[in-house]
Amino acid sequence: NFDGRDADELTFKAGDKITIHGELEDEPGWFNAELNGKKGIAPGTHFKLDGNNNSGKKTATATANFDGRDADELTFKAGDKITIHGELEDEPGWFNAELNGKKGIAPGTHFKLDGNNNSGKKTATATANFDGRDA
């Protein structure tokens, strides 16, 4: 479980179908979301985009340095332009990524999708409970 701390955080349970409206400009890894008419923000680590919403190449800019600890993790620096190939099926919040021809996985908290890649409504399924306690 993840206990929300702020009134603007959306409460949902694992298995809920939520609508994702896009990533927050100032908080990578957090998204504007909606459930049953109630809007709030939600951490990307607690939901998985449904169907083909997360497929296809997208470009992103690294917002922080990331030193890959495992052989499959991509190392990059803040400001690097990364190609995102989609979210991992078994690890929400982690993405298949590529930088200068090298492929690996990257945490969604360390990059921001460029341009309009993150706009428009997408459907997602919650993978964990999230309690926005102050809502």
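Is Ile82 buried or exposed, and what is its relative accessible area? Ile82 is buried, with a relative accessible area of 1%. The views below start from the whole predicted model and return to this residue in its own panel.

**View 1. The predicted model is built from strands.** The protein has twelve strands and zero helices. From the N terminus on, the elements therefore read β-β-β-β-β-β-β-β-β-β-β-β. Of its 135 residues, 44% are buried. Take the contacts between residues at least 6 apart in sequence: 61% of them join residues at least 24 apart. The accessible surface comes to about 7,200 Å². Carbon and sulfur atoms account for 45% of that surface.

**View 2. Five strands form an open sheet.** The strand order is S9-S8-S7-S6-S10, with antiparallel pairing. S9 and S10 (111-113) are the edge strands, each paired on one side only. From one strand to the next, the twist averages 40°. Within this sheet, S7 (residues 81-87) and S8 run antiparallel and are joined by four bridges. Thr83 stands opposite Glu98 in S8.

**View 3. S8 and S9 form a hairpin.** S8 (residues 94-99) and S9 (residues 102-107) run antiparallel, with six bridges between them. Trp94 stands opposite Pro107 in S9. Two residues separate the strands of the hairpin. Asn100 sits in the loop between S8 and S9. Its phi is positive, about 50°, although Asn100 is not a glycine. Most residues other than glycine have a negative phi. Asn100 is exposed, with a relative accessible area of 78%.

**View 4. Asn36 also has a positive phi.** The value is near 50°, in a residue other than glycine. Asn36 lies in the loop between S3 and S4 (38-43). This residue is exposed, and its relative accessible area is 77%.

**View 5. The largest nonpolar core holds 16 residues.** Leu74, Phe76, Ile82, Ile84, Ala97 and Phe111 touch the most other members. S6 (58-62), S7, S8, S9 and S10 each supply at least two residues of this core. S8 gives the largest share, four residues. Another core, of twelve residues, lies apart from it. Among the members of that other core are Leu10, Ile20, Phe31 and Ala42. In soluble globular proteins, nonpolar side chains tend to be buried together.

**View 6. Ile82 sits in strand S7.** Why does Ile82 count as buried? Its relative accessible area is 1%, and buried means under 20%. Leaving out residues up to four places away in sequence, Ile82 touches Lys58, Thr59, Ala60, Ala62, Leu74, Phe76, Ala97, Glu98 and Phe111. Take Ala62 from that list. Ile82 and Ala62 are 20 residues apart in sequence, yet their C-alpha atoms are 7.0 Å apart in space.

**View 7. Leu74 touches residues that include Ile82 and Lys102.** Residues up to four places away in sequence are not counted here. Its partners also include Phe66, Gly68, Ala97, Glu98 and Leu99. Lys103, Gly104 and Ile105 are further contacts of Leu74. Lys102 lies in strand S9. Beyond its neighbours within four places in sequence, Lys102 is in contact with Leu74 and Ala97. Lys102 and Leu74 are 28 residues apart along the chain, and 7.7 Å separates their C-alpha atoms.

**View 8. The model contains four aromatic pairs.** A pair of aromatic rings is described by the distance of the centres and the angle of the planes. For Phe31 and Phe47, the ring centres are 5.3 Å apart and the planes stand at 80°, so this pair is edge-to-face. The pair links distant parts of the chain, 16 residues apart. Phe31 belongs to strand S3 (residues 30-35) and Phe47 to strand S5 (residues 47-49). Both residues are buried. Elsewhere, ring pairs link Phe66, Phe76 and Trp94 into a cluster.

Terms used
Residues numbered from 1 in each chain as written. Predicted model: local features only at pLDDT ≥ 70, side-chain atom pairs only at ≥ 80, totals over all residues. Heavy atoms only, no water. Buried < 20%, exposed > 50% of the residue type's maximum accessible area, 1.4 Å probe, protein only. Contact = heavy atoms within 4.5 Å. Areas by Shrake-Rupley, 256 points an atom, 1.4 Å probe, with all protein chains shown as cover. Phe/Tyr/Trp six-rings, centres within 6.5 Å; stacked < 30°, edge-to-face > 60°. Pairing = 2+ DSSP bridges. Axes fitted to C-alpha atoms, helices over the stretch in contact; angles between N-to-C directions. Core = buried A, V, L, I, M, F, W, Y, C linked by side-chain atoms within 4.5 Å.
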